[in-house]
Amino acid sequence: MKKLAIFASGSGSNFQAIVDAVKAGKLDAEVSLLVCDKPGAFCIERASTEEIPSFVFNPKEYASKADYETELYEKLKELEIDIIVLAGYMRLIGPVLLTPYEGKIVNIHPSLLPAFPGKDAIGQALAAKVKETGVTIHFVDSGMDTGPIVVQQSVSISETETRESLQAKIQKIEHELYPSVLQKLLHS
Ligand code: GRF
C-alpha cells in the first residue's frame, strides 16, 4: 500500500475527499500524514478527527525554507512516505524535498493552467471575464503551478456567476477528480 502525505494550508476539503475515498475503498493508499504550515487551520482538526498524524509547523520559526523542509524530509522518511499530495498548500516546494521526491509530488490548482497560476485563481478568472476555467492536476517542479499536467477538467462560467458559485462548482470537481487521478497514478 502506497503511503501518502497530504500538504494543506487551509480548510482541507480536498484532504477530506481523499481520506473519504480511501475509507470507501476507491483509493488504494494510506493517508499517513497531514503536513500543515498554518497552525490553527481547519485541516488539522480534520486530521485529528480521522486519527491521522499531523506535522504542523510555522515557517516563521525557521531561518529558511531549507531548514523546515529538512525537518519535514526527516519526518517523511521516518513514515516511509511514497507520494506527496499538495492540496491547498500555499508554498513552493524547495530542492530539499523536490530532489528526493522528483516525479512523486502532485498538486491540484483551480484553473486551466497555464492560465491563472498562483494565488486566487478563481478571482483571476472572474476578473479576466473568461467564459471557462477549470481544474488542473499536475506534477510539481520548482515553478509556481508549473510542471507536467496530468489531467484538466473545464468548468463554464455563467453570466451570473459569483465567486461563491464558481468556487462551489470547482470544489465539487476537485473532490471527485483528485482521488480518482491519484488512484490511476498509483496503478500506472
Ligand atoms: C483548492 O481549490 C485547490 O485547488 C487549491 O486550494 C484549494 C484548497 O481547498 N490549490 P481545500 O483546503 O482543499 O478546501
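1. Let me start with the span 2-182. In this predicted model, the C-alpha atoms at the two ends of residues 2-182 are 11 Å apart. Helix makes up 35% of the span and strand 24%. UniProt lists these residues, in an unreviewed entry, as "domain: Formyl transferase N-terminal", so please treat that name as coming from the record.

2. Now to the ligand. Where does the ligand sit? You will find the ligand in the largest pocket. Its surroundings are formed by Ser11, Gly12, Ser13, Asn14, Gly88, Ile108, His109, Pro110, Gln171 and Glu174.

3. It helps to place this shell on the fold. Three elements each contribute at least two of the shell residues: the helices α1 (13-23) and α6 (163-186), and the strand β5 (105-109).

4. What is the make-up of the shell by class? Seven of its residues are polar, two are nonpolar and one is charged.

5. Three polar contacts deserve a look on your screen. At Ser13, a polar side-chain atom lies 2.5 Å from an oxygen atom of the ligand. At Asn14, the partner is a polar backbone atom, 2.8 Å from a ligand oxygen atom. Ile108 takes part through a backbone N or O atom, which is 3.0 Å from a nitrogen atom of the ligand. As for cover, the ligand taken alone exposes 370 Å², and the protein buries 84% of that.

Notes:
Residues numbered from 1 in each chain as written. Predicted model: local features only at pLDDT ≥ 70, side-chain atom pairs only at ≥ 80, totals over all residues. Heavy atoms only, no water. Near = heavy atom within 4 Å. Polar contact = N/O pair within 3.5 Å; in protein donor to acceptor, adjacent residues only side chain to side chain. Areas by Shrake-Rupley, 256 points an atom, 1.4 Å probe, with all protein chains shown as cover. 1 Å grid on protein atoms, 1.4 Å probe; cavity = no way out; pocket = protein on both sides within 12 Å on 5 of 7 lines; lining within 4 Å. Sits in = over half its atoms within 2 Å of the grid points. Helix = DSSP H or I, 4+ residues; strand = E, 2+ residues; numbered from the N terminus. Nonpolar A, V, L, I, M, F, W, Y, C, P; charged D, E, K, R; others polar.
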